[in-house]
Amino acid sequence: MKTYDVFLDYYDQIVRSINNPIEDEVEFLVEDCIKQYKPETKTILETACGTWVVAKELRKSWYKVIWLDISEKMLERAKKNIWASDLVLADMTDFDLATTFDTILCNYNSICHLLKWEQWQAFFDMAYKHLDKDGLFVFDINTVYEFENITREFAQFYNFWEDTVCLEMIKNEGIYEWIVKIFKKSEDWKYELIQEVVRENSFPISKIKKELKDKWFKILEMVDYHYGEVTAKSERVYFICKKK
Ligand SMILES: C[S@@+](CC[C@H](N)C(=O)[O-])C[C@H]1O[C@@H](n2cnc3c(N)ncnc32)[C@H](O)[C@@H]1O
């Protein structure tokens with residue numbers, strides 16, 4: 001089973017509604033990133049777009065946006081809200097759209113779904129290749145500090161009608177694994193347990209900074225999404241960069 005196949009039915013409500021209201025995040029992306037650092041932006045590529053939550057908000061603007069994701073199911077859902085021609089099924093570590101954009105976004109720790117450092121490097125290469133000169137590149141990570149905390153302290157339960165969803169995280173051979181347990185009520189009133197694993201990884205901020213600079217990006221700002229200033233205890237960090 002592919003990542004997010006079953007969890008997808010609950011994903012928007014748990015991950016993008018209860019835990020992180022999307023409007024605040026899109027306001028940050030548009031007002032504090034795009035309008036501040038690349039106000040002339042007309043075209044945007046949103047990589048790892050997911051189901052459309054950011055897209056829905058961006059669509060209210062006048063930007064021309066192309067959305068890319070590796071998951072057919074995610075894009076299938078997104079299709080209900082976005083023109084299919086603006087959706088691209090592709091791996092963000094290896095794609096060629098034969099065009100460039102003013103701004104590239106990769107939101108909500110999507111980069112952490114790339115488990116190997118070489119994949120992060122390949123994604124930076126792709127972003128560089130698909131940006132105009134002076135183009136803006138914005139992505140965020142869950143820090144190693146955050147993942148280590150979650151593996152120690154985190155278990156959450158959510159009830160949806162008759163179903164219950166439980167989220168936990170373990171560390172397995174250096175990779176952080178969300179264990180998603182869905183207790184689904186069947187027609188004969190029995191519960192079926194469906195389990196899905198979503199794998200993520202992260203790397204030290206210093207290593208990411210060095211790589212970005214080596215790949216010819218200028219880092220304009222790094223922002224702790226919750227507290228502003230980035231510290232050793234930051235949980236979620238945005239990197240706002242410009243192609244040199
Ligand atoms: C946590 S979701 C975030 C979705 C969206 N960016 C948001 O803000 O809600 C991560 C997304 O990354 C996508 N993804 C994971 N690996 C990918 C890859 N190699 N290339 C493109 N998308 C990928 C998943 O399919 C999923 O839709």
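This report covers the domains, the ligand shell and one residue, L87, of a predicted model.

**Domains**

The protein chain splits into two domains. Domain 1 takes residues 8–143 + 203–243, and domain 2 takes residues 145–200. Their C-alpha centres lie 25 Å apart. The two domains touch: 13 residues of domain 1 are in contact with nine residues of domain 2. On the domain 1 side of this contact, five residues are nonpolar, five are polar and three are charged.

**Ligand shell**

Which residues come closest to the ligand? They are A48, G50, S71, Y108 and H113, out of 19 residues that surround the ligand. By class, the shell holds 10 nonpolar, six polar and three charged residues.

The table sets out the make-up of the ligand shell and of the domain 1 side that touches domain 2.

| Group | Nonpolar | Polar | Charged |
|---|---|---|---|
| Shell around the ligand | 10 residues | six residues | three residues |
| Side of domain 1 touching domain 2 | five residues | five residues | three residues |

**Residue L87**

L87 sits in strand β3, which runs over residues 87–89. Is L87 buried or exposed? L87 counts as buried, because 20 C-beta neighbours lie inside 10 Å. The cut-off for buried is 20 or more.

What does L87 touch, leaving aside residues up to four places away in sequence? The contacts are W67, L75, A78, K79 and I82. L68 is 19 residues from L87 in sequence. In space, the C-alpha atoms of L87 and L68 are 5.8 Å apart.

Terms used
Residues are numbered from 1 along each chain as its sequence is written. This is a predicted model: local features need pLDDT of at least 70, side-chain atom pairs count only at pLDDT 80 or more; totals for chains, interfaces and linings use all residues. A residue is near a molecule or strand if its C-beta atom, placed from the backbone, lies within 6 Å of it. Ala, Val, Leu, Ile, Met, Phe, Trp, Tyr, Cys and Pro count as nonpolar, Asp, Glu, Lys and Arg as charged, and the others, Gly among them, as polar. Helices (H or I, at least four residues) and strands (E, at least two) are DSSP runs, numbered from the N terminus. A residue is buried if 20 or more other C-beta atoms lie within 10 Å of its own, exposed if 12 or fewer, and partly exposed in between; C-beta atoms are placed from the backbone. Two residues are in contact if their C-beta atoms, placed from the backbone, lie within 7 Å. Domain bounds come from an automatic or database domain assignment.
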